[in-house]
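Trainee: I am new to this structure. Could you take me through it step by step?

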Amino acid sequence: MTLDRAVMAFAGVMILLSVVLTVWVSLYWIWFTVFIGLNMLQAAFTGFCPAAMIFRALGVKAGCAFH
């Protein structure tokens with residue numbers, strides 16, 4: 001799995017988790033979903049992604065988007 005795919009998979013899992021928490025725990029978890037969305041948006045424009053940095057440190061090989 002490349003870094004790009006790992007980041008997208010992680011973002012997808014976090015979004016689904018935040019939706020489940022919003023529905024079953026508290027409506028305030030919607031802010032977690034907002035945070036994830038904003039982080040994805042800024043990563044698209046700046047190329048800076050904390051999750052990509054963590055995955056890179058764990059040894060996931062680079063893909064096209066995050067170098």
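**Buried and exposed sides**

Mentor: Keep in mind that this is a predicted model. In helix H3, residues 50–57, three residues are buried: Ala51, Ala52 and Phe55.

Trainee: Why are the buried residues on the same side of H3?

Mentor: Look at the directions from the helix axis to the C-beta atoms. For these buried residues, the directions stay within one narrow part of the turn around the axis, so they share a side of H3. The arc they cover is only 100°.

Trainee: Which residues are exposed on the other side of H3?

Mentor: Exposed means over 50% relative accessible area. On that other side of H3, the exposed residues are Ile54 and Ala57.

Trainee: Which helix is included in what covers the buried residues of H3?

Mentor: Covering here rests on contact, with heavy atoms within 4.5 Å. One of the elements covering the buried residues of H3 spans 3–24. That is helix H1.

Trainee: How many Å does H1 reach from its first C-alpha to its last?

Mentor: H1 has 22 residues. At 1.5 Å a residue, 32 Å is expected. The model comes close to that, with 31 Å.

Trainee: What arc do the buried residues of H1 cover?

Mentor: The buried residues of H1 include Leu3, Val7, Met14 and Thr22. The buried set lies on the same side of H1, because its arc around the axis is only 160°.

Trainee: Which helices are included in what covers the buried residues of H1?

Mentor: One of them spans 30–46. H3 is included as well. The names are H2 and H3.

Terms used: Residues are numbered from 1 along each chain as its sequence is written. This is a predicted model: local features need pLDDT of at least 70, side-chain atom pairs count only at pLDDT 80 or more; totals for chains, interfaces and linings use all residues. Side-chain values use heavy atoms; hydrogens and water are left out. Buried means under 20% relative accessible area, exposed over 50%, partly exposed in between (1.4 Å probe, protein chains only). Helices (H or I, at least four residues) and strands (E, at least two) are DSSP runs, numbered from the N terminus. The expected span of a helix is 1.5 Å times one less than its number of residues.
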